[in-house]
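Here are some notes for a colleague who is opening this structure for the first time. Please keep the sequence and the coordinates at hand while reading.

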Amino acid sequence: MGLADTQDAATAAQPPPPSNSPESDVPALPMHAGRVPSIGGGVPSGASRFRIFIVDSGWNSAARKVLLENFALIRDLQKEDPIYVLSREKSIEFMRRHGSRIGRDPIIAVHDMQALQKGGTAGFHGFRLSLGLLRTPHQALMGLQAFARFLVTNRQSGDLEADIRALLRREGLTGAIEIAMHHEAREIGE
Amino acid sequence: MFDRVTEVFSLVLGALALGYLVYEIDRRQRKLHDIWNVLDGEDAILTASLEDMVESGELQPYAGATLA
């Protein structure tokens, strides 16, 4: 079962399906019992700074396992923002349309609604974490943690783009310092 | 003569170490940018298609709370 054949679950509130589907031995995300109150196009009430999308076509990867195992925590940490999980079918369709993304999923895309309302999609409007590029469970977990930390700490940011670029610079420099000090490679990207 | 050779050798080693450091920083930066992408005009179509799915109600917020 795909990460979110769960999407339909959002509306159906059915009991969880068996997790040992033939497609993968990764357990499926649980079905949930209720819906987030929505307004208009499904945006939860209250101002959400971000919209989070998860695209996962179902590769049996370490990153996928880590995402599934930690999804509940991510969900709890990002309560203010709606998370949209594309069904496996929708994710595959998405990958077929954007072939260069194949193998990079699970992908977590974060749309900055503030930036989208200001400047549309022409300029900066969010960021994307290609979790599937992280090959080991440890790397994937660190990536997810960095993702959650970044969203929580930058929720009120006036310039999210600058914050992201600063984060990337900082990570690069930290890596360099660790090389210089002969420490083990840390991380997100390593 | 021996001092001179040692000096040149040290210089080469230093240059190699510095080169490796620069290479490693660049490699890590590239990888980081590969993993963490900023969404901009190049992603407009992609973003629009996801937003359209939300606006049309095709995608609903996932409300799962815990893993079984």
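The points below go from the chains as wholes to individual helices and residues.

1. It should be said at the outset that this is a predicted model, and the remarks that follow are to be read with that in mind. In chain A there are six helices and six strands, and when these are read along the sequence they follow the pattern α-β-β-β-α-β-α-β-α-β-α-α. Chain B, by comparison, has two helices and one strand, arranged along its sequence as α-β-α.

2. How much of each chain is buried? Of the 190 residues in chain A, 43% are buried, while for the 68 residues of chain B the corresponding figure is 24%. Within chain A, if one takes the contacts with a separation of 6 or more, 68% of them join residues that are 24 or more positions apart.

3. A pair of helices in chain A deserves a careful look, namely α2, which covers residues 62-77, and α5, which covers residues 137-153. In general, two packed helices are described by the angle between their axes together with the distance between those axes. For α2(A) and α5(A) the axes come within 9 Å and cross at roughly 25°; since angles under 35 degrees count as roughly parallel, these two helices are therefore roughly parallel to each other. The crossing in which α2(A) passes α5(A) is right-handed.

4. Which residues make the contact between these two helices? On the side of α2(A) they are A62(A), A63(A), K65(A), V66(A), L67(A), N70(A), I74(A) and L77(A), and on the side of α5(A) they are P137(A), A140(A), L141(A), L144(A), A148(A) and V152(A). By character, the residues of this contact divide into 12 nonpolar, one polar and one charged.

5. F71(A) also has its place in helix α2 of chain A. Is this residue buried or exposed? A residue is buried if 20 or more other C-beta atoms lie within 10 Å of its own, and F71(A) has 24 of them within that distance, so F71(A) is buried. Its C-alpha atom is separated by 9.5 Å from that of L144(A), although the two residues are 73 residues apart along the chain; L144(A) is one of the α5(A) residues in the helix contact described above.

6. Helix α3 of chain A, residues 88-97, has R88(A), K90(A), S91(A) and F94(A) as its buried residues. Why can these four be said to lie on the same side of α3(A)? They cover an arc of only 160° around the axis, and this is what puts them on the same side of the helix. As a general point, an α-helix has 3.6 residues a turn, so residues three or four places apart point the same way. The face of α3(A) that is turned away from the buried side carries the exposed residues R96(A) and R97(A), whereas what covers the buried residues includes β3 (50-55) of chain A.

7. K90(A), which lies in helix α3 of chain A, counts as buried because it has 22 C-beta neighbours inside 10 Å. The C-alpha atoms of K90(A) and V55(A) are separated by 8.2 Å, and these residues are 35 residues apart along the chain.

8. Finally, a point on the backbone: the peptide bond from D105(A) to P106(A) is cis, with omega near 10°. P106(A) is found in the loop between α3 and β5 (107-112) of chain A.

Methods:
Residues are numbered from 1 along each chain as its sequence is written. Chains are lettered from A and ligands numbered from 1 in the order in which they are written. This is a predicted model: local features need pLDDT of at least 70, side-chain atom pairs count only at pLDDT 80 or more; totals for chains, interfaces and linings use all residues. A residue is buried if 20 or more other C-beta atoms lie within 10 Å of its own, exposed if 12 or fewer, and partly exposed in between; C-beta atoms are placed from the backbone. Two residues are in contact if their C-beta atoms, placed from the backbone, lie within 7 Å. Axes are lines fitted to C-alpha atoms, for helices over the stretch in contact, and angles run from 0 to 180 degrees between N-to-C directions. Angles under 35 degrees count as roughly parallel, over 145 as roughly antiparallel, 65 to 115 as roughly perpendicular and the rest as oblique. A crossing is left-handed if the near helix is turned anticlockwise from the far one by less than a right angle, and right-handed if clockwise. Ala, Val, Leu, Ile, Met, Phe, Trp, Tyr, Cys and Pro count as nonpolar, Asp, Glu, Lys and Arg as charged, and the others, Gly among them, as polar. The arc is that of the directions from the helix axis to the C-beta atoms.
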